Amino acid sequence: MIKRSDFPKNFVFGTATAAYQIEGAANEDGKGPSIWDIFSHTPGKIMTGENGDVACDHYHRFKEDVQLMKEIGLDAYRFSISWPRVMPDGKNINQKGVDFYNRLVDELLEHDITPFITLYHWDLPYALYEKGGWLNSDIAMYFRAYATFMFNELGDRVKHWITLNEPWCSSFLGYFTGEHAPGHKNLQEAIVAAHNLLRSHGHAVQSFREEVKDGTIGLTNVVMKVEPGDSRPESFLAASLVDKFVNAWFHDPVVFGKYPEEAVKVYQERGLQVMENDMDIISTPIDFFGVNYYTRTLVVFDTTNPLGFSYVQGDLPKTEMGWEIYPQGLFDMLVTLKERYRLPLYITENGMAGPDKIENGKVKDTYRIEYLEKHFEKALEAINAGVNLKGYFIWSLMDNFEWAYGYSKRFGIIYVDYNTQKRILKDSAYWLKDFLIS
Ligand SMILES: OC[C@H]1NNC[C@@H](O)[C@@H]1O
């Protein structure tokens with residue numbers, strides 16, 4: 001049985017959340033609307049018709065939540081800042097919003113919990129969306145100003161920063177498939193948004209080097225282990241190409257200063273415009289990559305699809321999201337990232353949505369304990385294979401607003417009763433508490 005003491009001494013275990021998914025107080029204390037406030041109030045966008053107006057009411061209950069983190073024994077906590085809470089129009093400061101994050105950081109530090117901040121976890125100020133949002137190249141300057149303000153405000157106490165969470169989701173789910181805010185369905189826009197997200201990342205890193213001399217900063221991507229769904233050579237080729245679009249596209253430019261060749265050709269015909277010195281900015285050196293790993297992606301050669309491939313379902317056991325449980329993919333991707341980019345890594349998200357039910361005041365999420373154990377084992381295997389893995393953040397601390405699924409998918413190690421806002425530690429939280437002292 002794997003023990004905490006099997007991991008390196010300074011390895012951090014934590015949990016992760018995001019502002020829009022847990023804070024609530026969507027219109028309180030001067031906060032401006034985000035694209036997710038507008039999207040979630042648009043009929044038909046959220047499967048359950050729910051929104052993030054109240055969520056887990058973390059804005060008011062953060063002290064209780066930090067106390068629960070302490071009770072579990074977490075070393076660290078990854079959370080995001082709501083840009084429109086601190087800058088309602090994307091530019092001017094809302095001091096009450098800033099004060100909330102100062103209080104949250106101070107509460108974490110008072111409980112010996114190390115804060116890891118994500119600057120952008122999808123909740124773009126709606127006022128900036130109205131100026132073109134991620135489609136307007138000026139967004140990079142707005143993001144740089146926001147990042148610089150937050151570095152100055154919290155950088156004396158917060159030494160670990162992540163610029164963006166999953167730019168692939170922000171750009172391709174937000175602008176191509178339309179499943180996420182702002183709900184556009186335009187491949188060219190997705191390509192342009194992705195490039196502006198990476199430019200914004202680079203500008204924030206440049207500012208960080210000037211403002212927080214003793215800190216570390218990185219980029220978090222969702223990392224998918226892309227595999228062929230059948231044994232045809234064409235399917236192996238399709239998997240290799242999809243890997244370039246979903247993984248390499250958001251890693252290569254940040255380290256090598258250039259997009260993957262195979263994908264550039266496709267995107268240049270579809271609107272990708274790289275301006276003078278963009279790639280130099282995007283590849284401003286970072287200290288780590290954040291890895292959000294959940295499952296694998298299976299693709300097969302498919303001439304009926306204009307892109308030449310299609311996704312297929314695998315036959316492994318699945319979570320409530322329909323994602324295969326595939327711990328080996330975590331090991332494979334950690335080793336791949338280490339060998340290609342030679343950067344320290346944090347697992348900034350890993351976890352599962354489960355059929356969590358309250359029975360006699362308890363949640364017997366044995367499946368989640370098994371899921372975490374198996375993924376912890378693969379993380380340790382990767383460390384022993386030479387990967388410089390520095391931490392592991394479980395997604396998520398508590399059940400929360402799972403974007404287009406509303407509150408129907410429960411990822412937390414803490415159960416949230418949304419009617420009463422009562423928090424109930426699941427069996428997995430008690431398991432984690434024991435693990436953290438093992
Ligand atoms: O789908 C589970 C998680 N994936 N990464 C981004 C988070 O915001 C999601 O809740």
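Helix axes here are lines fitted to C-alpha atoms over the stretch in contact, and the angle between two of them is taken between their N-to-C directions, on a scale from 0 to 180 degrees. With that in hand, a pair of helices makes a handy way into this predicted model. Helix H14, residues 366-384, and helix H15, residues 427-435, have axes that come within 9 Å and cross at roughly 35°. On the H14 side, the contact is made by Arg368, Ile369, Leu372, Glu373 and Phe376, while H15 brings in Asp427, Ser428, Trp431, Leu432 and Phe435. Sorted by class, that makes 6 nonpolar residues, 1 polar and 3 charged.

H15 also has a good deal else around it. Its buried residues are Asp427, Ser428, Ala429, Trp431, Leu432 and Phe435. The cover over these residues includes H14 again, together with helix H3, strand S9, strand S1 (12-16) and strand S11 (422-425).

Now for the whole protein. The secondary structure adds up to 15 helices and 11 strands. Measuring along the principal axes, the C-alpha trace spans about 55 × 50 × 45 Å. A compact globule of 438 residues would be expected to have a radius of gyration near 22 Å, and the 20 Å found for this protein agrees with that. Of those 438 residues, 62% count as buried. The accessible surface comes to about 16,700 Å², and carbon and sulfur atoms make up 51% of it. As for how the chain meets itself, take the contacts with a sequence separation of 6 or more: 75% of them are between residues 24 or more positions apart.

Two neighbours in sequence, Asp57 and His58, show what such contacts look like up close. Asp57 sits in the loop between helix H2 (35-40) and helix H3 (58-72). Its relative accessibility is 13%, and since buried means under 20%, Asp57 counts as buried. The Asp57 side chain makes a polar contact with the side chain of His60, at 2.6 Å. Once neighbours within four places in sequence are set aside, Asp57 is in contact with Ile22, Glu23, Gln421 and Arg423.

His58 lies in H3 itself. With a relative accessible area of 2%, His58 is buried as well. Not counting residues up to four places away, His58 touches Ile22, Glu23, Asp65, Tyr77, Phe100, Leu104, Met398 and Arg423. Ile22, Glu23 and Arg423 thus turn up in the lists for both Asp57 and His58.

The backbone has some unusual spots too. Most residues other than glycine have a negative phi, and most peptide bonds are trans. One exception is the peptide bond from Ala181 to Pro182, which is cis, with omega near 10°. Pro182 has its place in the loop between helix H8 (167-175) and helix H9 (187-211). A cis peptide bond also joins Trp395 and Ser396, where omega is about 10°. Ser396 falls in the loop that runs between strand S9 (389-395) and strand S10 (414-417).

Positive phi values crop up at two asparagines. For Asn277, phi is near 60°, and for Asn360 it is near 50°. Asn277 is found in the loop between helix H11 (261-268) and helix H12 (278-282). Asn360 belongs to the loop between strand S8 (345-350) and H14. How do they stand with respect to the surface? Asn277 is partly exposed, at a relative accessible area of 44%. Asn360, at 81% relative accessibility, counts as exposed, the cut-off for that being over 50%.

One more asparagine, Asn388, leads back to H14. Asn388 is placed in the loop between H14 and S9, and with a relative accessible area of 41% it is partly exposed. Asn388 and Leu334 are 54 residues apart in sequence, yet their C-alpha atoms are 9.2 Å apart in space. Leaving out residues up to four places away in sequence, Asn388 touches Pro344 and Leu345.

Key. Residues numbered from 1 in each chain as written. Predicted model: local features only at pLDDT ≥ 70, side-chain atom pairs only at ≥ 80, totals over all residues. Heavy atoms only, no water. Helix = DSSP H or I, 4+ residues; strand = E, 2+ residues; numbered from the N terminus. Contact = heavy atoms within 4.5 Å. Nonpolar A, V, L, I, M, F, W, Y, C, P; charged D, E, K, R; others polar. Rg over C-alpha atoms; globule rule 2.2 N^0.38 Å. Buried < 20%, exposed > 50% of the residue type's maximum accessible area, 1.4 Å probe, protein only. Areas by Shrake-Rupley, 256 points an atom, 1.4 Å probe, with all protein chains shown as cover. Polar contact = N/O pair within 3.5 Å; in protein donor to acceptor, adjacent residues only side chain to side chain.
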